[in-house]
Structure formats: structure tokens, C-alpha cells
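Student: I would like to go through this model by question and answer. Please show the sequence and the structure before we begin.

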Amino acid sequence: MEIKDIPQSTASLVLKDEKFGNSGAELAEPTSEEEIANVLRKANEEGKKVAVVSGGTKRGYGGLKDDYDILLSLSQYKGIIEHTAGDMTVTVRPGTTIKELQEFLSDFGQMVSLDPAWPEQATIGGVIAANESGPKRMKYGSARDQVIGLRVAYPAGTIIRTGGKVVKNVAGYDMNKLFIGAMGTLGVITEITMKLRPVPKAESLVKLFVPKEQVQVLKEFIVNIQDSMVEPASLEMINPALSKKLFNREVYTLLVAFEDVENSVRYQEQWMEEHVPAGMSVDVSQGDKAKEFWRAFATLAPNSLTDQESGSTKAVLKIGTKNMDVLTMMAVEETMTDIDQLEIEIHGGLGHGITTVILTGEESQVKQAIHQFRAEAESKKGYAVVKHLPVKLRKEIDVWGKKPSYFFLFEGIKKTNDPNNTLNYQRFLGGI
Amino acid sequence: MSLFKSRRKKKTRRDVHIEQMAAIVGPDEILFEKEDLLSYDCDGFTVHKAMPKAVVFPKNTEEVAALVKYCAAHDLPFLARGAGTGLSGGAIPLNGEVIISLGKMKNLLHVDFENRQAVVQPGFVNLKLTNSISSKGYYYAPDPSSQYVCTIGGNVAENAGGAHCLKYGVTTNHILGLEVVLPNGEVIEISEDGIPDSPGYDLMGLLTGSEGTLGIVTKITVRILKNPEGKQTVLAYFDNVEDGSRAVSGIISAGIVPAALEMMDKTAIEGVEAGTFPVGHPKDIEALLLIEVDGIAAGIDEQIEQILEVCKSRNVREVKVAESEEERGKWWANRKTGFGAMGAISPDYLVQDGVIPRSRLPEVLQRITEISEESGLRIANIFHAGDGNLHPLILFDSRIPGETEKALEAGTACLKACADVGGSITGEHGVGIEKKEEMRFIFTDEELDAQTRIREVFNPEDLLNKGKLFPTPSRCMDIKTIVKDTVAVK
């Protein structure tokens with residue numbers, strides 16, 4: 001069993017963030033679970049409101065308040081609590097960054113199969129609470145497929161364990177699921193146990209450059225890929241604006257990742273090269289080059305640490321649709337007018353149905369675009385959540401979109417766990 | 001006169017509720033006479049039995065909703081039932097429930113290959129889904145041993161696993177959307193069309209594995225997968241269990257993710273060889289491993305080579321790779337019918353379902369051997385070694401007074417052994433009524449309370465599948481009370 005304390009970060013946290021809100025009148029930086037529980041218990045008794053922060057990349061993600069009474073930072077509560085290589089599981093504190101966690105595991109040839117944005121800043125606690133995922137979700141699944149156990153501090157100060165430390169477990173309700181993506185509104189996650197996978201022995205990235213007029217042919221090719229025996233880890237499509245930025249080519253680009261043993265990866269690369277429709281060009285990056293690309297890819301969207309300059313307005317949308325409707329989302333801008341002061345960068349996974357839209361430009365045009373993307377997503381029975389936006393605009397635009405008919409169940413669950421609305425009040429869907 | 005009497009007696013079970021429910025589903029879709037109800041007094045967990053008030057067979061969501069509304073309005077306890085293969089008693093009508101059978105809602109509604117999903121009704125049989133899409137090279141991954149008869153609705157309720165979930169995950173990893181009738185009769189649709197990450201709390205994840213206590217699932221969108229290009233299966237025989245367990249760790253630490261990694265011990269092998277699908281395993285080996293690797297064909301050979309090497313370094317007596325699909329099929333039939341095969345060597349058997357961290361396998365198997373010696377009962381071990389999911393099969397004879405209790409006691413002791421090394425009391429069979437008390441091995445009162453309070457949000461009147469999943473202070477099961485009195489609880 002390996003235990004590793006990771007040095008506390010020296011960077012001091014911005015207590016006040018006027019642009020993004022979700023700030024606090026006072027800062028609590030606990031370094032133990034007991035301290036976390038005490039902060040919550042006291043606040044809950046005194047009727048104070050608590051906001052939770054860790055890496056600080058998601059202060060633009062939901063929330064209608066500029067300030068809470070207390071800003072509870074988990075950024076100093078980090079480190080590996082338990083890692084048994086033979087069990088392929090790890091237990092980690094929430095303030096550990098994704099990069100710290102992956103670097104620790106890579107010494108054992110293992111990894112957490114999550115590739116969210118900003119691994120150097122984003123912490124595992126925040127990634128789980130916001131249910132963040134990346135392009136390789138297609139092969140490995142999302143947070144709900146990796147988390148097998150949690151320890152959670154409830155607002156009343158009790159510590160509740162959910163799940164366990166074994167990879168297969170159906171004892172009682174699968175309470176882990178409640179806290180994944182709950183935006184910290186039901187409890188503060190103090191420990192996370194996850195399944196691990198071996199680091200793939202080889203990887204490569206096949207980039208397919210597709211002229212705009214060939215999008216229909218590409219769609220057919222994607223269906224062929226999925227019907228074939230190749231097993232891509234990603235089928236991430238990139239719109240021409242983003243493609244220009246990344247590759248200096250203003251065409252659609254499809255990012256097809258392969259991760260497996262060497263022979264298998266080479267074979268699949270070859271299959272792609274042999275089957276590419278005429279008119280599309282292919283470029284292959286192997287091993288470290290592929291890794292390097294994905295590292296850069298993870299820093300494409302702005303976050304509340306990087307987006308501190310005044311000037312243009314930035315917004316990031318998370319759109320969920322059926323897999324193939326990602327192509328429709330890619331094309332939304334073609335129907336948009338009055339976007340002369342707006343830059344629209346899009347990538348979306350044809351194997352997992354999540355599209356990310358990065359909007360940069362003049363405020364009213366950003367707002368207009370958000371509504372148009374949402375309308376298009378909803379027409380496909382999907383949704384659009386604005387996951388990065390200044391607090392001023394979050395008060396104007398409902399960043400979570402419409403409430404489902406069963407919203408009363410969400411309210412019931414919130415009331416059960418946090419009857420006084422102590423935690424991350426108004427941070428989530430429907431003002432929960 | 002006597003004929004008239006018996007008729008009158010028979011009529012007594014028909015009451016106003018029966019009439020009203022018959023009006024909802026039609027007169028032929030309800031059972032209420034005692035002799036018709038007998039086969040619904042238990043499920044795959046046969047130690048406890050109770051009679052339902054009636055069994056109704058709705059044909060669609062509207063009828064399910066109407067029945068639920070009726071039960072809710074008249075304070076009638078009710079529960080949902082699929083094929084009744086559950087092994088923990090989740091579908092046993094402890095409180096004389098109205099059983100809402102989903103056996104007639106058994107259609108495949110839609111397959112969408114482009115988006116890799118299928119929509120089924122809850123009564124659709126698991127294996128039928130794979131059979132319906134295999135011509136296009138697709139399959140549905142979760143494969144519980146009872147997959148030829150168990151329903152996908154039941155799989156959702158229990159969050160069913162199977163031999164191949166080591167690589168591909170359990171039911172919850174394959175569910176994309178659910179239509180649910182809530183305990184008040186309201187119909188809701190979660191993640192309609194299988195849209196990922198619908199905003200809000202993950203009710204789909206919570207409902208999956210809730211053992212029918214939060215709602216009744218009436219439509220399910222599942223993920224379908226492409227068949228792997230290649231597949232190879234290895235069978236390895238070991239002269240001691242320790243070597244077999246170490247081979248399991250060796251394979252995992254080599255960075256291989258097998259599609260399945262199964263183990264059987266000597267007693268289990270004796271059982272399967274006496275069963276319907278013997279394959280001629282040597283009688284004197286102590287353990288066997290069944291290992292399957294799938295994926296891109298070009299990458300499989302080197303993984304098989306590595307597996308063979310690991311086995312050899314762990315003193316394997318004999319190791320072979322299946323030479324044909326037929327041989328592979330035989331090996332799997334032998335394994336998948338393993339539980340039932342115990343009937344060939346013992347009048348009765350009790351299946352347990354504990355989970356442990358993989359690395360603790362040798363010591364827990366040792367403890368199970370001790371439990372067997374202490375109880376004087378033979379225990380066969382068939383298990384998913386790759387994910388640490390043990391299935392001790394406790395062999396006993398219920399005709400011998402006291403032996404059933406002994407078997408239950410030994411089962412509890414096995415679960416305690418799993419809990420003691422940081423494991424769980426159930427990996428795929430569920431808690432039901434069987435393991436309610438054992439929940440205390442792994443959860444504190446506060447943790448149990450956190451869960452029951454969630455149940456109250458969905459099921460405030462507790463009319464739906466009451467008395468399952470959580471320990472209760474007042475127990476109705478005499479047999480288990482005896483067990484509790486004799487087994488030290490943590």
C-alpha cells in the first residue's frame with residue numbers, strides 16, 4: 001500500500017473574485033476531514049452559507065451569488081490516502097490535482113481513466129463534483145464509471161461513506177452517483193476511491209481533415225468506423241475555427257485516438273489510412289506526440305483562473321445530445337446571423353454525445369449564441385449548460401436550462417441532505 | 001354440497017381490490033387464487049416464502065401507472081417482478097404485496113445502431129437483446145449467468161453483473177435512460193433518448209440497483225457494443241489455490257484487462273463435472289482459472305503469451321488455449337451453469353456473493369476453508385476472481401434438522417470475512433431480504449439512515465417493496481434470528 005502526501009500549494013487562493021462570484025466573506029482552508037466537518041457543522045448551526053472551492057477553475061460554473069459567508073477551500077486537503085497496485089484502486093483527497101494524481105499512478109503503470117480539461121489546476125474533487133470528462137470518455141466512460149467509493153461530509157457535520165473500496169458492489173443504494181455532478185450541493189466530498197486501468201502500452205492519434213463540403217461523407221465514414229472492428233478511444237470532431245487555431249487548417253477535423261498494445265494500435269492506424277474516403281487527408285501522431293497534443297487540447301477552453309482579463313466576454317457550453325447529433329451542433333453557427341464580433345470554437349464526441357462550445361466576443365452576441373445553441377440542442381431532446389460565464393451574466397441567463405418534470409425529486413433530495421441550504425446554495429439546476 | 005363449499009371457499013380471495021385491478025389490466029391478466037399464486041411465493045432465494053395478494057400482468061406503462069395509483073390510493077403494498085431469478089429475495093412478497101409482473105412487457109422497442117443504443121421494455125430477456133442485434137455484429141455487455149431467462153428490468157433493479165463485467169462494467173455502466181413509474185403512480189422519463197449527463201442529480205444511477213424500492217422501471221435505453229474482433233480463452237489448472245490466486249494478481253499487474261477472469265476450486269469442479277456440461281477437468285486439481293481476452297485480433301496473441309507466462313511462473317500444472325469456438329463455448333457452459341450443477345453433488349446449496357480487494361484473495365479463501373471446517377459443511381468456490389467477487393456455495397441438506405441454519409450461519413460468516421478485509425457483502429446479487437442484517441457489517445446506522453432518507457423522497461409511504469434492503473429492528477424471519485444469535489456481529 002502506498003501513501004503519499006503531496007506538498008501543499010503555495011499559490012494563495014483568490015478569496016474575492018468579482019468577475020465570477022462564488023466567493024466568500026471569510027476563508028476556511030481545512031487540512032483534515034474533521035476540520036471540514038467542523039466548518040460545516042458550525043455554519044449549519046449558525047445559519048451561514050458555505051461555498052466550496054478547490055482548484056478554482058470552476059467559479060464560473062453555476063451559482064447566482066457573488067459572496068457566501070464562508071469560502072471552504074479544499075485546495076490544501078490533498079494527497080494519496082491509499083493505493084494498492086494489485087487491487088487497481090486508489091483513494092485520494094479531493095484537493096489533489098488531476099496531474100498530481102496521474103503522475104503518482106504512472107509510476108505503477110496505472111491511471112485514472114478521466115481526461116478532463118486543465119489537469120494541472122483542476123482537482124479530482126472538483127472534477128467529480130462537476131462531472132467533468134474529456135474526449136476519451138468514449139472508451140473509458142465518465143466519473144460515474146470510475147468512482148467506487150466516497151466519504152462525504154454532510155452539512156450537519158456527519159461523515160457518510162458511500163460505496164466501498166472494491167470494484168464491484170451492490171450493497172444498498174449506489175449513493176456515489178448522487179454526489180457525482182451534484183455541484184457540491186449535497187455534501188462535501190472528503191475522499192474519493194476510484195477504479196484504475198493500466199496505462200495503455202501504446203497510443204496514437206489519427207487526425208482526419210475534412211473539407212466542409214464532405215461532412216455528409218464523414219458522417220457515413222463515422223458509421224463505418226463504429227460498425228468496423230476498430231475500437232477508438234475518441235471520435236472527437238472539431239469545427240473549422242478551432243481547427244484553424246490548432247492545425248492552421250480551416251476544415252473540420254476528426255480526432256481518432258487509439259490506445260492498446262502496440263500491434264493493435266498500428267493495425268488500427270493502418271485500417272484508418274486504408275479506409276479514409278477520398279478528399280480527406282490524414283495525419284498520424286504517435287506516442288509522446290499524441291500525448292502532447294491532448295495536453296494542449298485540455299487547455300483550450302477558458303476557466304475562471306485564466307479568464308481574468310476584461311474585454312471580450314467568454315462562455316463555455318456543455319451540450320448533451322445523442323451521439324450523431326453532435327454533427328448538428330457543429331453546424332449551428334451556419335444558421336446564425338449577427339456573429340461578426342463572435343468567435344465560435346467547437347469540439348464534440350461522436351462516441352459520447354457531449355459537445356463543448358467556446359464563445360468569445362461581444363457580450364450581446366455571446367448571449368444570443370447561447371440561446372441559439374440551447375434551442376437547437378433542446379430541439380434534439382438534448383440540453384445546453386453554460387459551464388463558464390461571469391456571475392453578472394449568470395444572473396441574466398439561466399445557465400442550467402429548463403427543469404425536468406421530476407424536479408420535485410431533486411428538491412426532495414436536496415432538502416434531505418441539506419435542509420438549511422447551507423451548501424453551495426443556488427449553485428445548481430433550478431436554484432438548488 | 002361439498003363441491004359448493006369448496007367453490008365458496010375459493011371465491012373468498014376475490015375482493016373489491018381484485019375486481020378493480022382486473023378492470024385495469026383485463027380479467028385474464030390477474031391471478032388471485034391460492035393455487036395460482038404458489039409459484040410467486042419466492043424468487044431465486046428459496047429459504048423464505050410469502051404469499052402475494054395477487055399477481056397482475058400489465059401490458060404497458062399506462063397500466064403499470066394505473067395499478068400503482070390504485071395500490072397507493074388504497075394502501076396496498078406492491079412490488080415489481082421480472083423473471084424471478086433474483087438470488088436475494090427482492091421479489092418475495094413479505095407483506096402480502098400485489099405483484100406487478102412485467103413479464104408481458106417484453107418487447108424490443110427500438111434499435112439505433114448509429115447512436116449505439118437500444119430501447120427495451122423491462123420484461124425483455126437479457127440474452128434476447130444480444131440475439132436480436134448479433135446479425136449486425138453488436139451485443140449487450142452485461143451477462144449474468146441467468147441471462148437466458150432473466151429480464152433487463154430485473155437487471156436494472158439489481159444492477160446485475162456477470163462474468164464479463166471485469167472489462168466492460170456492470171448494468172449501471174450500460175444504462176442510458178429510464179422511464180419510471182414512481183410509487184405515487186407518476187410517470188417520469190430520465191435521460192430521454194439516452195442523452196448523457198442530463199442536468200440534475202443522477203437519478204438513473206440511483207435507481208439502478210435500488211432493488212425495486214424507488215420506482216418501477218417501464219422502459220430502458222441501453223448501450224449496445226460492437227462485438228470485439230478477436231477473442232481467446234485460456235484454461236489453467238493449478239495444484240493449489242494459492243498459486244491460482246497469485247496468477248490472477250500476476251495477470252492484472254501485467255497491465256492486461258481480461259474480458260473475464262474466473263476461478264473455481266476443487267469442490268466446485270467436482271460439482272460442474274457432475275453437472276450437465278462436464279468438460280473433463282482433472283479430478284485432482286485444486287483450482288482452475290478461465291481467462292478470456294478480447295479486442296483487436298492483432299493485439300491478442302501477445303496478451304495470451306503473457307498470460308501463459310504468468311501461469312507458468314505460478315506453477316500451473318496445465319494451461320491451454322481454446323482451439324475452437326465450440327471448445328470455448330463448452331468451457332463457458334460449464335462455468336455458467338456452475339451454481340445449478342451443485343445440485344448434482346448436494347441436495348441443497350446456498351449461494352453467497354461477497355466482494356474483496358483482489359489482493360486479499362488467498363487469505364479470504366483460507367478463512368472460507370476454516371468456516372467450512374467449523375460448520376462441517378462443504379463450501380465450493382466459483383467466482384469472478386478478476387474483480388474479487390466471490391461466490392461461496394454452501395452445500396447442505398435441508399432434511400437434516402439444523403443444517404439449513406448452519407448453512408445460513410456459514411454464509412453470514414463468509415460475508416463477515418469479506419467485510420473484514422474492506423470488502424462488500426454483495427457484488428451482484430443484491431441485499432433483498434437475505435442480507436439485510438449483514439448491511440450492518442459495512443454501514444453505520446448513520447450511513448443506513450442517509451440511504452433510507454433517500455428512499456423516503458421517492459417512496460414516502462413505503463408501500464413499494466417494503467422491508468427490503470435495509471436492516472429493520474423488528475424482524476419477521478425466525479430462521480435468521482437464530483443465526484444472528486449465534487454469530488458475533490461486528
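The exchange below covers the contact between the chains, a helix, the core, the domains, a sheet and some single residues.

Tutor: This is a predicted model, in which local features need pLDDT of at least 70 and side-chain atom pairs count only at pLDDT 80 or more, while totals for chains, interfaces and linings use all residues. Residues are numbered from 1 along each chain as its sequence is written, and chains are lettered from A and ligands numbered from 1 in the order in which they are written.

Student: Which helix gives the most to the side of chain B that touches chain A?

Tutor: Contact means that C-beta atoms, placed from the backbone, lie within 7 Å. On that basis 72 residues of chain B are in contact with 67 residues of chain A. Helices α8, α9, α11, α16 and α17 of chain B each supply at least two residues of that side; helices (H or I, at least four residues) and strands (E, at least two) are DSSP runs, numbered from the N terminus. With eight residues, the one that gives the most is α17(B).

Student: What covers the buried residues of α11(B)?

Tutor: A residue is buried if 20 or more other C-beta atoms lie within 10 Å of its own, exposed if 12 or fewer, and partly exposed in between. In α11(B) the buried residues are A298(B), G299(B), I300(B), Q303(B), I307(B), V310(B) and C311(B). Their cover includes elements of both chains: β12, α9, β14 and β15 of chain B, together with β14 and α9 of chain A.

Student: Which helix supplies the largest share of the largest nonpolar core?

Tutor: Such a core is a set of buried Ala, Val, Leu, Ile, Met, Phe, Trp, Tyr and Cys residues joined through C-beta atoms within 7 Å. The largest has 262 residues, and L317(A) and I100(B) are among those that touch the most other members. The largest share of this core is nine residues, from α15 (residues 403-420) of chain B.

Student: How many residues of domain 3 of chain B are in contact with domain 2 of chain B?

Tutor: The bounds, from an automatic or database domain assignment, place domain 2 at 108-226 and domain 3 at 229-345. Their centres, taken over C-alpha atoms, are separated by 29 Å. Five residues of domain 2 meet a set in domain 3 that numbers eight.

Student: Why is one side of β1 and of β3 of chain B left without a neighbour in the sheet?

Tutor: Strands pair if DSSP finds at least two bridges between them. The open sheet has the order β1-β2-β4-β3 (chain B), with mixed pairing, and four bridges join β3(B) to β4(B) in parallel. β1 and β3 are left with a free side because each stands at an edge with a single partner strand.

Student: Is E211(B) buried or exposed?

Tutor: E211(B) lies in the loop between α8 and β10 of chain B, and has a positive phi of about 55° although it is not a glycine. Because 23 other C-beta atoms lie within 10 Å, E211(B) is buried.

Student: Is D75(B) buried or exposed?

Tutor: D75(B) is also not a glycine, and has a positive phi of about 60°. D75(B) sits in the loop between α4 and β3 of chain B. With 8 other C-beta atoms within 10 Å, D75(B) is exposed.

Conventions
Contact = placed C-beta atoms within 7 Å.
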